[in-house]
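Me: I am new to this structure. Could you walk me through it in short steps?
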Amino acid sequence: MIQLVRGFRDILPQQTPRWRAIEKTAISLFQDFGFKEIRIPILERTELFARSIGEDTDIVEKEMYTFPDRRGELITLRPEATASIVRSYIQHKLYAKDPVQKVYTTGPMFRRERPQKGRYRQFYQIDVEILGIKSAYADTLLIFMLITLLDRLDVSDAQAHINSLGCSACRPGFRAKLSEFISSRADVLCSDCNRRRERNPLRVLDCKVPSCREAMADAPSILDSLCSDCERHFKELTQSLTHLNVSYVIDKRIVRGLDYYTRTIFEIQTGSMGAQNAVVGGGRYDNLVKMLGGPDIPATGFAIGLDRLVEIAGSRLGTEQKQPRVFIAAIGEESIAKAFSWSCSLGLEGVCAELDLSGKSLKALMKRADKLGFEYVVIVGDNELRKRAVILRNMRTKAQDLIPIDGIVENLKKRLTT
Ligand code: AMP
């Protein structure tokens with residue numbers, strides 16, 4: 001038997017209503033705030049991710065699904081959506097009409113991480129981006145929408161964690177300070193942290209190894225090294241969040257794993273997720289559009305991890321699956337032919353009918369209807385065709401009615417939908 005690839009998974013019919021309900025809630029909220037859908041490809045040139053996410057990040061270093069296509073060009077299954085959205089924004093000059101574009105997209109992302117609970121190699125994100133706004137109010141709007149969404153999805157313990165990564169003026173100074181601090185702790189930090197010390201010291205701050213976390217507890221905070229513009233920006237963020245009654249934690253440990261972030265970064269964390277406790281990650285990326293060859297346009301955005309959101313959202317979501325209302329037990333070729341056309345007409349009327357096409361005996365058909373939990377069964381055989389009336393049996397009360405074949409579709413619709 002061929003099994004699926006490790007780290008990949010199927011989302012089965014009994015699970016999809018919940019996924020749909022959650023996606024629908026999210027999308028309708030984003031649309032209410034003026035966001036429009038964009039669809040981007042699953043494959044991009046490898047260079048797009050290498051340049052935007054950064055060569056020194058875990059994603060680019062070891063997690064991308066990269067293949068040469070038939071002509072030898074390197075292509076990659078997208079590990080995230082922001083880079084593609086920015087590529088599309090530049091390629092189609094979406095900024096020409098209006099630099100401000102508010103977009104969302106949903107779909108699978110691919111990272112070859114070590115699979116574990118809540119972590120997959122194909123996972124799903126809802127991605128939301130605001131391009132063209134420098135003000136911290138755009139960041140606040142994103143966090144506000146997220147907190148609203150999680151509230152609508154009955155996630156009770158969601159908490160916004162915010163931080164700033166500064167800009168090209170103030171970050172280098174902080175990096176140097178941090179590097180120095182890391183050197184003083186080199187003997188207790190893990191080998192990954194020591195390796196990152198030179199190339200990406202900020203990543204040491206979010207190492208999950210307990211001894212590293214302890215060693216870094218009193219590391220300097222970037223918030224003490226921000227330039228005055230970044231400081232003002234961060235203050236605008238915290239003040240506007242407070243005005244909207246959004247509670248947040250300033251968390252100097254969050255740095256995000258991608259190189260393109262500037263200033264505001266945030267995560268939404270929940271207590272119930274253990275080590276994988278971020279359900280959303282996001283932040284501002286003011287240099288990315290320019291870096292990828294577009295004009296100097298700021299941007300901010302987030303990605304919701306849908307797999308994790310489905311785990312933690314309220315249990316009542318997506319419980320209403322459209323169930324077939326009636327089972328049709330048709331015996332004999334002629335009855336099956338008639339019943340088939342009734343079931344098609346019922347489908348057009350929005351009344352789902354399950355017609356058994358196996359040709360089995362009435363007893364076997366009734367057994368199946370019972371097993372599947374149908375409340376109503378239509379029984380039709382030669383006898384019923386001759387009398388021009390079928391039997392409608394209520395499986396619960398065992399009551400049976402005769403329904404004339406003339407006008408049967410309207411009649412059944414009335415009986416089954418009231
Ligand atoms: P990132 O794109 O790394 O900022 O991640 C944003 C969100 O996507 C995270 O907070 C997770 O909820 C989710 N996510 C990232 N990687 C995975 C994965 N391998 N499996 C499941 N969810 C993931």
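Me: How do the residues of the shell around the ligand divide into nonpolar, polar and charged?
Reply: Keep in mind that this is a predicted model. In total, 15 residues surround the ligand. They divide into 6 nonpolar, 4 polar and 5 charged.

Me: Which strand gives the most to the shell around the ligand?
Reply: Strand 6 (122-131), strand 10 (278-284) and strand 11 (299-305) each supply at least two residues of that shell. One of them gives the most, with 4 residues. That is strand 10.

Me: Which residue has a polar side-chain atom 2.7 Å from an oxygen atom of the ligand?
Reply: Backbone N or O atoms also approach ligand oxygen atoms: one of Ala278 at 3.0 Å, and one of Val279 at 3.3 Å. The side-chain atom in question belongs to a residue listed among the closest to the ligand, together with Glu113, Tyr120, Gln125 and Arg256. The residue is Arg111.

Me: How much of the ligand's exposed area does the protein bury?
Reply: Taken alone, the ligand exposes 480 Å². The share of that area buried by the protein is 92%.

Me: At roughly what angle do the axes of helix 1 and helix 6 cross?
Reply: Helix 1 covers residues 16-32, and helix 6 covers residues 136-152. Their axes come within 10 Å. The crossing is right-handed. The angle is roughly 145°.

Me: Which residues of helix 6 make the contact with helix 1?
Reply: The residues of this contact divide into 5 nonpolar, 2 polar and 1 charged. Helix 1 brings Thr25, Ala26, Leu29 and Phe30. Helix 6 brings Met145, Thr148, Leu149 and Arg152.

Notes
Residues are numbered from 1 along each chain as its sequence is written. This is a predicted model: local features need pLDDT of at least 70, side-chain atom pairs count only at pLDDT 80 or more; totals for chains, interfaces and linings use all residues. Side-chain values use heavy atoms; hydrogens and water are left out. A residue is near a molecule or strand if one of its heavy atoms lies within 4 Å of it. A polar contact is a pair of N or O atoms within 3.5 Å; within protein, one must be able to donate a hydrogen and the other to accept it, and residues adjacent in sequence count only if both atoms are side-chain atoms. Accessible areas come from the Shrake-Rupley method with a 1.4 Å probe; for residues, only the protein chains shown count as cover. Ala, Val, Leu, Ile, Met, Phe, Trp, Tyr, Cys and Pro count as nonpolar, Asp, Glu, Lys and Arg as charged, and the others, Gly among them, as polar. Axes are lines fitted to C-alpha atoms, for helices over the stretch in contact, and angles run from 0 to 180 degrees between N-to-C directions. A crossing is left-handed if the near helix is turned anticlockwise from the far one by less than a right angle, and right-handed if clockwise. Contact means heavy atoms within 4.5 Å.
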